[in-house]
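Trainee: I would like to take a close look at a single part of this model and follow the contacts outward from there.

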Amino acid sequence: MNARERLLTALDGNEPDRVPCALNFYRVEIERMAPQGQYQDGIVDVRFVQFPASPEEEELRRLAQPYQGDTRLGTVAQVTTYAHWDYRPETPDQRNPLARARSLDELMDFPFPDVSVPYRVEGLAAQVRELHTRGLAAGGNLPHLGGELFEAAWRLRGLENFLLDLIERPDWADYLLDRLTGLARRNAEALARAGVDVLALDDDVGMPRTMMISPATWRRFFKPRLADIIRAARAIKPDLRVLFHSDGYFEPIVGDLMEIGVNALNPLQPDHMDAVHIRRRFGPRLALWGTVGHQTTFSFATPDEIRQEVKHRIETLGRAGLVLSPAYDIDEPDIPWENVAAFLDAAREYG
């Protein structure tokens, strides 16, 4: 099997020639992380495409340049997106552009991106073809404010405001989420047309030991909209596999995610979710993408400890329906390459 075949086999709940691995559910610049000569194709089985920037976004990127390199606002691409939405986490009184809205009409006045025309799609298909030529699977993420629906909504409204909207002003929440769904649907369709193998959708609705909102609230406001996004993308590419990411604990909605067409979950952080319990409950037909490492593992564990963690995950979860990946971000300056290399080596050896 090549890398693409291996990953798709796992996402379909079957057992490939070896367990595939990834470095996250989004684009990770592994070439920049690895010492010279240490990276080669086949180390990971999937790479994620990058939405090319429009001229307007290039201007926003230029405006974002004055921030110091250690300003913790995310990647340059994230800062560009923040500027596009007027979301400014570095400035408390400008952090949530819709926080001061006092009526539904004021929400309607907000200049949402126009979804009637294609957006940031030039070059996507070429990126996918290039990855496929190299035998790699191609994944795609939607441009957003940190999450397609829940996260984007509260970043615009403010967390407390939006949580109250869900209870006291459901028409406000419906309006905001409908606008975000339209944008996400259009971008998911663009990725499907480009031919990606995996559509990664993410919304952090979990936190330690519980969800940020009740499962009933998630089913009322988010499940049908997420289903709409998946349905629209699959209308274009029926064999598209869908990955759903949420940090923290979100087990109560796992069955719902399967109902609406999600093939795999990410990252199943060992601190918050029991991957073995999920596997026993749903079997390999629900692929698990992640599972490796607690919050500090890749920063502070030894390479041998990481190797043993990988071995343990394979032994307890099986080789079918598994994509090994760090359960926390590894594209951080405090992560030594030796630990990343230990993860990759162990995935090949034990997988």
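Which residues of the largest nonpolar core touch the most other members?

Mentor: In this predicted model, the largest nonpolar core holds 112 residues, and those that touch the most other members are Phe222, Leu257, Trp289, Leu324, Phe343 and Leu344. Helix H9, spanning residues 170-194, gives the most to this core, with 11 residues.

Leucine 324 deserves a closer look: leaving out residues up to four places away in sequence, leucine 324 touches a set of residues that includes Val19, Pro20, Cys21 and Ala22, as well as Val310, Arg313, Ile314 and Phe343. One of these contacts, arginine 313, forms a salt bridge with glutamate 309, with the closest N and O atoms 3.4 Å apart. Because arginine 313 and glutamate 309 are four residues apart in helix H15, about one helical turn separates them, and both residues are buried.

Another salt bridge joins the side chains of arginine 307 and glutamate 349, at 2.4 Å from N to O. Arginine 307 lies in helix H15 (residues 303-317) and glutamate 349 in helix H16 (residues 337-350), so this pair ties together parts that are 42 residues apart in sequence.

A further salt bridge, at 2.8 Å from N to O, brings together the side chains of arginine 157 and aspartate 165; arginine 157 counts as buried because its relative accessibility is 2%, under the 20% limit, and aspartate 165 is likewise buried, at 1%.

Methods:
Residues numbered from 1 in each chain as written. Predicted model: local features only at pLDDT ≥ 70, side-chain atom pairs only at ≥ 80, totals over all residues. Heavy atoms only, no water. Core = buried A, V, L, I, M, F, W, Y, C linked by side-chain atoms within 4.5 Å. Buried < 20%, exposed > 50% of the residue type's maximum accessible area, 1.4 Å probe, protein only. Helix = DSSP H or I, 4+ residues; strand = E, 2+ residues; numbered from the N terminus. Contact = heavy atoms within 4.5 Å. Salt bridge = Lys/Arg side-chain N within 4 Å of Asp/Glu carboxyl O.
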